[in-house]
Amino acid sequence: TNDGLTFNGDTASANALDDYEEGTWTPTITSGGSNFTYTVQEGIYTKIGNIARVTFYLQINGGTMNSSQLKIGPFPFTSAPTHYTVGSGWNNSSGSDINHPVVLISPNNTNAEFNNQGPRNVVNQVGTTFGSGLSQLWSITYRTA
C-alpha cells in the first residue's frame with residue numbers, strides 16, 4: 001500500500017507525496033554576538049518532502065555584536081549533507097557599508113550564515129559588520145537531510 005498522495009496512477013511509494021508540514025519557528029542570532037533583545041522574531045516554514053522553505057524577519061534592539069560570523073537560526077530542519085543553498089532577502093538596516101550580504105546554508109546545518117561576495121571570493125561577515133541596528137528579512141529554500 002501507499003502511505004502518501006500519488007498522481008496519474010503512479011503507485012510507487014518513492015514517488016508519493018507523504019510529507020507536508022507548515023509552521024512557525026523563532027529565529028535568533030546564534031553566532032556574531034551575545035545578550036540580544038529582539039524587537040521582531042518572526043519565522044515561518046513549509047516543508048514538502050525533502051524540500052524546506054524558511055522565511056524570517058529578525059530585528060534587534062539591544063545586545064553586543066562581536067567578531068564571529070553572523071548566523072541566524074536554528075532552522076526547523078537540518079540541511080542535506082552535500083548541498084549548499086543561497087537565500088534571497090533584504091539587509092534592512094546595517095551599521096556598516098556592506099551593501100548586499102549573501103546568506104548561505106551549508107551542508108548539515110540549521111543556520112543562515114552571512115557572507116559577502118567579493119570580486120574573487122566569499123568573505124564571512126561578522127556581527128560587528130552589521131552593528132546594533134540589525135534588521136534582516138530572508139527566505140531560503142533548501143534540501144533537507
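**Aromatic contacts in close-up**

**View 1. Tyr-45 and Phe-77 in the predicted model.** Both Tyr-45 and Phe-77 are buried. By the ring-pair rule, eight aromatic pairs are counted in the model. One of them joins Tyr-45 to Phe-77 in an edge-to-face arrangement, with 5.3 Å from centre to centre and 80° between the planes. The contact links distant parts of the chain, 32 residues apart: Tyr-45 belongs to strand β3 (residues 33-48), whereas Phe-77 lies in the loop between β5 (71-73) and β6 (85-86).

**View 2. The aromatic pair of Phe-114 and Phe-130.** These two rings meet edge-to-face, their centres 5.4 Å apart and their planes at 80°. Strand β9 (residues 112-117) contributes Phe-114 and helix α1 (residues 127-130) contributes Phe-130, so the contact ties together parts separated by 16 residues in sequence. Phe-114 has a relative accessible area of 0% and is therefore buried. Phe-130 is likewise buried, because its relative accessible area is 0%.

**View 3. The charged end of Lys-47 over the ring of Phe-77.** The charged end of Lys-47 is placed 5.4 Å from the centre of the Phe-77 ring. Phe-77, a buried residue, also forms the edge-to-face pair with Tyr-45 shown in the opening view.

**View 4. A cluster of aromatic residues.** Trp-25, Phe-56, Phe-75 and Tyr-142 are joined into a cluster through ring pairs.

Key. Residues numbered from 1 in each chain as written. Predicted model: local features only at pLDDT ≥ 70, side-chain atom pairs only at ≥ 80, totals over all residues. Heavy atoms only, no water. Phe/Tyr/Trp six-rings, centres within 6.5 Å; stacked < 30°, edge-to-face > 60°. Helix = DSSP H or I, 4+ residues; strand = E, 2+ residues; numbered from the N terminus. Buried < 20%, exposed > 50% of the residue type's maximum accessible area, 1.4 Å probe, protein only. Lys NZ or Arg CZ within 6 Å of the ring centre and 35° of its normal.
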